[in-house]
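Subject: Structure for your review

Dear colleague,

Please find below the structure that I am handing over to you. My notes on what was found in it follow directly after.

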Amino acid sequence: MIEGRVIKNTGSSYIVRSETGEEYPCRIKGNFRIKGIRTTNPVAVGDIVKIIHASDDAYYIKEIMPRKNYIIRRASNLSKESHILAANIDQSILVATIFNPETPTTFIDRFLATSEAYSIPAIILFNKCDLWTPEIQVYAEELKRMYEGIGYPVYFVSATTGNGINELSSLVANRITLFAGNSGVGKSSLINALVPGLNLKTGEISDIHHTGTHTTTFSEMIPLPSGGEIIDIPGVKGFGMIEFQPAEVGHYFPDIFKKSEECKYGNCRHLGEPGCAVIPAVEAGEISPTRFASYLSIIEEVAGEKGDDKYRKPF
């Protein structure tokens with residue numbers, strides 16, 4: 001058997017690169033999918049796998065090696081449980097935009113919480129900073145202060161002008177980095193700026209809906225000139241939570257978790273229980289109301305419990 005890393009997933013087939021650099025087009029057999037793996041993609045980009053050369057002259061993935069980590073979301077296909085975005089990564093980068101299109105803070109917070117859950121360091125990039133008005137710049141600085149205050153690095157970049165690209169290149173050098181974001185936020189343009197000559201297809205933003213179109217149609221690992229690799233995935237419309245236990249949700253919001261140490265009861269869900277320290281902190285501005293709204297949206301999704309309506313947002 002040959003051992004290698006999955007570097008591309010087209011949905012029906014995979015490309016596996018061996019330790020010596022050879023690339024093998026591979027498939028998986030039907031029975032591979034029913035071995036207790038309830039995901040839309042039992043094999044993900046970044047997986048270390050063992051492959052065999054079968055009698056029909058095709059290569060098949062025979063075994064997935066234990067994963068160091070992975071990042072996952074609830075699949076949009078309701079017949080499956082989950083979708084693994086990438087495996088065995090060093091860090092995750094969420095590419096977001098303030099407008100054209102707007103990335104909701106709920107989406108940002110869900111991505112960050114998922115990264116926290118799997119102990120993956122997360123970074124936020126706000127792209128298209130060259131298009132910001134003075135008012136948008138002020139709002140962007142407020143978001144930056146908030147997320148950096150929690151502990152997440154935040155950068156303003158522009159694939160068009162090159163602002164922040166050198167800094168971004170240093171961030172991803174010699175690391176395996178997941179690049180994720182909504183459609184239209186400019187992931188492909190940023191990757192093109194990092195890898196001259198790559199020429200990934202980029203899309204236009206709808207003038208009517210201010211949303212992007214999918215230009216990346218499959219997941220792929222892209223080598224970087226400075227060393228390291230980026231895992232580029234199709235634009236994500238929503239970020240449904242999976243594998244979260246209700247009692248653990250607060251653990252994945254560092255700002256809420258820290259304040260929860262002052263709650264009267266150790267199992268406080270911050271839904272109005274007596275002695276809760278979190279809700280007063282939100283009301284006092286110590287915790288952002290948008291962060292608390294994101295927390296409540298996850299609690300509602302995984303446990304069916306609702307908090308105060310004034311903090312709830314659609315997700």
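**Ala159 and its surroundings**

Ala159 is partly exposed, since its relative accessible area is 22%. Please bear in mind that this is a predicted model. The residue is located in the loop that connects strand E10 (154–156) with helix H3. Leaving aside residues up to four places away in sequence, Ala159 touches Asn127, Ile165, Ser189 and Leu190. The C-alpha atoms of Ala159 and Lys128 are 6.9 Å apart, although 31 residues separate the two in sequence.

**The protein as a whole**

The protein has 315 residues, and 50% of them count as buried. Its secondary structure consists of 7 helices and 13 strands. If one takes the contacts between residues at least 6 apart in sequence, 63% of them join residues at least 24 apart. The exposed surface comes to about 15000 Å², and carbon and sulfur atoms supply 49% of that area.

**Helices H3 and H4**

Two of the residues touched by Ala159, namely Ile165 and Leu190, also take part in the packing of H3 against H4. How are these two helices arranged with respect to each other? Two packed helices are described by the angle between their axes and the distance between the axes. For H3 (residues 165–172) and H4 (residues 187–194), the angle is about 85 degrees and the axes are 10 Å apart. The helices are therefore roughly perpendicular to each other. On the H3 side, the contact is formed by Ile165, Leu168, Ser169 and Val172, while H4 contributes Leu190, Ala193 and Leu194. By character, 6 of these contact residues are nonpolar and 1 is polar, with no charged residue among them.

**Strand E8**

Strand E8 covers residues 91–96, and 6 of its 6 residues are buried, so the strand is largely enclosed by the rest of the structure. In a regular strand the side chains alternate between the two faces of the sheet. In E8, both faces are covered: Gln91, Ile93 and Val95 are buried on one side, and Ser92, Leu94 and Ala96 are buried on the other.

Which strands pair with E8? One is E11 (residues 176–180), which runs parallel to E8 and is joined to it by 4 bridges. In this pairing, Gln91 stands opposite Thr177. Another is E9 (residues 122–126), also paired in the parallel sense, over 5 bridges. Here Ala96 stands opposite Phe126.

**Backbone features in the loops**

Most residues other than glycine have a negative phi, and most peptide bonds are trans. Three places in the model deserve mention in this respect.

- The peptide bond from Asn100 to Pro101 is cis, with omega near 0 degrees. Pro101 belongs to the loop between E8 and helix H1 (105–117).
- Asp57 has a positive phi, near 75 degrees. This residue sits in the loop between strand E4 (48–53) and strand E5 (59–64), and it is exposed, with a relative accessible area of 56%.
- Asn174 likewise has a positive phi, near 60 degrees. Its position is in the loop between H3 and E11, where Asn174 counts as exposed at 60% relative accessibility.

With kind regards

Note on methods. Residues numbered from 1 in each chain as written. Predicted model: local features only at pLDDT ≥ 70, side-chain atom pairs only at ≥ 80, totals over all residues. Heavy atoms only, no water. Buried < 20%, exposed > 50% of the residue type's maximum accessible area, 1.4 Å probe, protein only. Contact = heavy atoms within 4.5 Å. Areas by Shrake-Rupley, 256 points an atom, 1.4 Å probe, with all protein chains shown as cover. Axes fitted to C-alpha atoms, helices over the stretch in contact; angles between N-to-C directions. Parallel < 35°, antiparallel > 145°, perpendicular 65-115°, else oblique. Nonpolar A, V, L, I, M, F, W, Y, C, P; charged D, E, K, R; others polar. Pairing = 2+ DSSP bridges.
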